[in-house]
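Visitor: I've got a fold on my screen and I'd like to learn how to read it. Could you walk me through it, feature by feature?

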Amino acid sequence: MKTMCHCGLPESYANCCGRLHRGQAQAATAERLMRSRFSAFVVQDGPYLLRSWAPQTRPASVDLDPAMRWVGLDILGSTGGSPFHTEGTVEFRAKYKGGELHENSRFVRHGGAWVYLDGKIS
């Protein structure tokens, strides 16, 4: 039985988000980038989070809490963000042990690649 990737897609981590984290592939859509960023939080991949963040809003560093346990992701909706767009949004609910985060994230193209711009938490 194949273990699903942390992002919720029916593929192994190594063949799904792991490929993006290792720089072997790029996200074709804003949603795919958002899924890969969720997986990066799960596996504590701070360098990937910074690489996939728009330069104009990227922090100097990312402090990941090793005690935080992300346990699930639900995509609630999206606008734009296809291979043919230059910007898009993804609304999602990320579940962690003890709660959840509901955010509407904005993504843009930078150097041809999708990057996270910012998000509104609700």
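**Reading the sheet**

Guide: Sure, let's start with the sheet. It is an open one of 4 strands in the order S1-S2-S3-S4, and the pairing is antiparallel. S1 and S4 are the edge strands with a single partner each, so each has one side without a neighbour in the sheet. Neighbouring strands are turned against each other by 30° on average, if you ignore direction. Keep in mind that this is a predicted model.

Visitor: What holds strands together in a sheet, in general?

Guide: Strands pair through backbone hydrogen bonds, and the pairing can be parallel or antiparallel.

Visitor: And here, how many bridges join S1 to S2?

Guide: There are 9, with the two strands running antiparallel. One pair to look up is threonine 79 with its bridge partner in S2, threonine 89.

Visitor: What about the pairing of S2 and S3?

Guide: S2 and S3 are antiparallel too, over 10 bridges. Take arginine 93: its bridge partner in S3 is histidine 102. The S2 and S3 hairpin leaves 2 residues between the strands, and in it glycine 98 has a positive phi near 100°.

Visitor: Which residue takes a positive phi in the hairpin of S3 and S4?

Guide: Glycine 111, with phi near 60°; this hairpin has 2 residues between the strands. S3 and S4 pair over 8 bridges in the antiparallel sense. Within that pairing, serine 105 stands opposite glycine 119 in S4.

**Reading the helix**

Visitor: How do I check a helix, say H2, against its expected span?

Guide: Count 1.5 Å a residue and compare the result with the distance between the end C-alpha atoms. For H2, residues 30-42, the 13 residues should span 18 Å, and the ends lie 19 Å apart, which agrees. Just past H2, glutamine 44 takes a positive phi of about 60°.

Visitor: How does H2 sit relative to the strands?

Guide: H2 lies across S1, S2, S3 and S4, and runs at about 160° to S1.

Visitor: Is H2 largely enclosed or largely open?

Guide: Burial here means under 20% relative accessible area. By that test 10 of the 13 residues of H2 are buried, so the helix is largely enclosed by the rest of the structure. Among the buried ones are Leu33, Met34 and Phe38, and also Arg32, Arg35 and Arg37. Their cover includes helices H1 and H3 as well as strands S1, S2, S3 and S4.

Visitor: Can you zoom in on one residue of that helix?

Guide: Try serine 36, which is found in H2. Its relative accessible area is 0%, which means it counts as buried. Leaving out residues up to four places away in sequence, serine 36 touches Cys17, Leu20, His21 and Tyr48. With tyrosine 48 there is also a side-chain polar contact of 2.6 Å.

**Reading a loop residue**

Visitor: Where is threonine 86 found?

Guide: In the loop between S1 and S2. Exposed means over 50% relative accessibility, so threonine 86, at 55%, counts as exposed.

Visitor: Which residues does threonine 86 touch, beyond those up to four places away in sequence?

Guide: Phe107, Val108, Arg109 and Trp114. Look back to the helix as well: the C-alpha atoms of threonine 86 and alanine 30 are separated by 9.4 Å, while the two residues are 56 residues apart along the chain. Alanine 30 is one of the buried residues of H2.

Notes. Residues numbered from 1 in each chain as written. Predicted model: local features only at pLDDT ≥ 70, side-chain atom pairs only at ≥ 80, totals over all residues. Heavy atoms only, no water. Expected span 1.5 Å × (residues − 1). Buried < 20%, exposed > 50% of the residue type's maximum accessible area, 1.4 Å probe, protein only. Contact = heavy atoms within 4.5 Å. Pairing = 2+ DSSP bridges. Axes fitted to C-alpha atoms, helices over the stretch in contact; angles between N-to-C directions. Polar contact = N/O pair within 3.5 Å; in protein donor to acceptor, adjacent residues only side chain to side chain.
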